[in-house]
Amino acid sequence: MDKINIFKMSCDDTLKIAELEKECFSLPWSNDALLEEINNSNAHFFVAKNESDELLGYIGCHFVLDEASVTNIAVFSKYRNKGVGKALLKALLKEAQNSKISKIYLEVRESNTPAINLYKSMNFKEISVRKNFYSKPTENALILAFEF
Ligand SMILES: CC(C)(COP(=O)(O)OP(=O)(O)OC[C@H]1O[C@@H](n2cnc3c(N)ncnc32)[C@H](O)[C@@H]1OP(=O)(O)O)[C@@H](O)C(=O)NCCC(=O)NCCS
């Protein structure tokens, strides 16, 4: 694949991300919800694009004091397994480090092997399980954390 470029999310990206959310999740974020994050000073959202400026994926995170929580990460299915997810997560870790974040948390469905492997490959550690955290379908969440 072409080079993967990472940018801050802009209002020109949100419709495409809302489409990606619908492709991936049973309770997708809407365009309006994504647009709100652009004016949220705690929000750090990034997009990955190829050389043709096509949106490949995105990651969202909230920073509060010295802790961060990943809201979501998704890559269009035709661009998966090409390092896009890892590039997005690396950009987020760099931003978190620059902002003096000490710990990053996230939840993931316990059946979501690709995402769990991605997080573990970037040194996130499993710290607990939240029973029946997810709906549509009901499923436990694994809580993972990254410490700087
Ligand atoms: C999870 C997701 C973002 C990964 O994105 P991606 O661009 O395919 O990931 P990468 O190509 O950067 O892969 C990075 C690592 O993830 C793991 N991984 C990715 N896809 C995998 C798969 N299908 N099976 C097993 N492990 C996988 C591997 O450990 C891989 O490292 P490696 O290439 O050194 O083996 C993508 O699968 C996706 O969008 N899924 C749907 C949305 C979703 O579930 N988001 C997570 C919500 S918590």
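This passage describes the sheet of a predicted model and the residues that surround its ligand.

The sheet is open and is formed by seven strands, which follow one another in the order E1-E2-E3-E4-E5-E7-E6 with mixed pairing. Strand E1 (5-8) and strand E6 (125-134) occupy the edges, and because each has a single partner strand, one side of each is left without a neighbour in the sheet. From one strand to the next, the twist averages 25°.

Within this arrangement, E4 and strand E5 (residues 103-109) run parallel and are joined by three bridges. Ser-69 stands opposite Tyr-105, the latter being located in E5. Helix packing also involves E5, since H4 lies across both E5 and strand E7 (139-147), and the direction of H4 is at about 160° to that of E5.

The surroundings of the ligand comprise 20 residues, of which the closest are Arg-80, Gly-85, Lys-86, Pro-114 and Leu-118. At least two residues of this shell are supplied by each of strand E4 (67-75), helix H3 (84-98) and helix H4 (113-121). The largest share, six residues, comes from H4, the helix that lies across E5 and E7, while E4, which also contributes to the shell, is the strand joined to E5 by three bridges. In terms of residue character, the shell around the ligand divides into nine nonpolar, eight polar and three charged residues.

How values were computed
Residues numbered from 1 in each chain as written. Predicted model: local features only at pLDDT ≥ 70, side-chain atom pairs only at ≥ 80, totals over all residues. Near = placed C-beta within 6 Å. Helix = DSSP H or I, 4+ residues; strand = E, 2+ residues; numbered from the N terminus. Nonpolar A, V, L, I, M, F, W, Y, C, P; charged D, E, K, R; others polar. Pairing = 2+ DSSP bridges. Axes fitted to C-alpha atoms, helices over the stretch in contact; angles between N-to-C directions. Contact = placed C-beta atoms within 7 Å.
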